[in-house]
Number of protein chains: 2
Amino acid sequence: MTKDGTLTRPAHTGVPALPGEAPPTCELREVLDRVGDKWSVLLMAVLGDGPRRYSELRRAVDGISQRMLTLTLRSLERDGLVVRTVTPSTPPRVDYELTEVGHTLSREVGALIRWSEAHREYISAARRSYDAEEAVREG
Amino acid sequence: MTKDGTLTRPAHTGVPALPGEAPPTCELREVLDRVGDKWSVLLMAVLGDGPRRYSELRRAVDGISQRMLTLTLRSLERDGLVVRTVTPSTPPRVDYELTEVGHTLSREVGALIRWSEAHREYISAARRSYDAEEAVREG
DNA sequence: CTGAATCCCCGAGGATACTG
DNA sequence: CAGTATCCTCGGGGATTCAG
């Protein structure tokens, strides 16, 4: 966080935006967007337990479409968080594995998941309570 | 995470889905979705530094629309993560403040932000590298 | 088995205007 | 100041099909 409490568009240091270039957005935000991505979080969590094949990931992250699985993995690979290893056998085999940095993020994600498990009862109760009072107000 | 490595739809314990009821989705997923929300993360981070007024939040989280600010705050309040305090003066004043549990989540979010700052150079470099190689492959 | 390519829909979310 | 209400767009992402 920037020291004035502003989270986005921190003093963009120079680099005049050339026409056609990406607008000078906050890098922090970009990284948070990555972290905030639903599928990314789930995949990072699974891969935290060790390398997985494409098909294994598909099964592990229930509900993910082939498209999103591939796109997300590519994105994670591009960010240097996972490495992709192709074994040109028949049938072909592709393994995905966290990088060293990927593991550090996976640990953060793990903490978040543990937080979720530890507080889901609380949240569930809070929602019921809120909805109940709301229903009262509306009659 | 469930012990078989499956992240979603963990053995839904009973509660036969009555027609018209919400489908039996994983609660963990719901909580992660909350955490994964861009605006929620940013707001939690700001509120981690102390109570803020509506207008202060609007300025702090640059780029958020009035609509999303209100919706996100309502959602956080519903989950028992923030409390909303109205002071019926003229002009009216509304303060938002983290609950005890909200603070614990804010700390997790803070860790994530620190991770982002610590690794954004790495990620940025990884992207440049990836894009460069990709450009080569495509000719 | 591991993808790439296409089509297409729906809803998250921005812009704007109005209110207590 | 702190919202609410409405409209409307845009792209995230699912389903499906084809390919190496």
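Helices (H or I, at least four residues) and strands (E, at least two) are DSSP runs, numbered from the N terminus. Axes are lines fitted to C-alpha atoms, for helices over the stretch in contact, and angles run from 0 to 180 degrees between N-to-C directions.

This is a predicted model, in which local features need pLDDT of at least 70 and side-chain atom pairs count only at pLDDT 80 or more, while totals for chains, interfaces and linings use all residues. Residues are numbered from 1 along each chain as its sequence is written, chains are lettered from A and ligands numbered from 1 in the order in which they are written, and side-chain values use heavy atoms, leaving out hydrogens and water.

Let's start with the helices. Helix H5 (residues 100–138) of chain A and helix H4 (residues 66–78) of chain B have axes that come within 8 Å and cross at roughly 115 degrees. H5(A) and H4(B) are therefore roughly perpendicular to each other (angles of 65 to 115 degrees count as such). From H5(A), the residues Ala126(A), Arg127(A), Tyr130(A) and Asp131(A) meet Arg74(B), Glu77(B) and Arg78(B) of H4(B), where contact means heavy atoms within 4.5 Å. By kind, the residues of this contact of H5(A) with H4(B) are two nonpolar, no polar and five charged; Ala, Val, Leu, Ile, Met, Phe, Trp, Tyr, Cys and Pro count as nonpolar, Asp, Glu, Lys and Arg as charged, and the others, Gly among them, as polar.

Now for the whole interface: 51 residues of chain A are in contact with 51 residues of chain B. Together the chains bury about 5,100 Å², 61% of it on carbon and sulfur atoms; buried area is the accessible area (1.4 Å probe) that two parts lose on being put together, summed over both. On the chain A side, Arg78(A), Trp115(A) and Arg127(A) lose the most area to chain B, together 14% of what that side buries.

How do the copies relate? A turn of 180 degrees and a shift of 0.0 Å along the axis lay chain A on chain B with an RMSD of 0.1 Å, superposed by least squares on the C-alpha atoms of residues with pLDDT of at least 70 in both. The two copies are thus related as by a two-fold rotation axis. In chain A, the C-alpha of Gly36(A) is the nearest to the axis, 2.0 Å from it.

Finally, the strand pairs of chain B (DSSP finds at least two bridges between paired strands):

| Strands | Sense | Bridges | Residues opposite |
|---|---|---|---|
| E1(B) (residues 52–53) and E3(B) (residues 93–98) | antiparallel | two bridges | Arg52(B) and Tyr96(B) |
| E2(B) (residues 82–87) and E3(B) | antiparallel | six bridges | Val82(B) and Leu98(B) |

E2(B) and E3(B) form a hairpin, with five residues between them.

Conventions. Angles under 35 degrees count as roughly parallel, over 145 as roughly antiparallel, 65 to 115 as roughly perpendicular and the rest as oblique.
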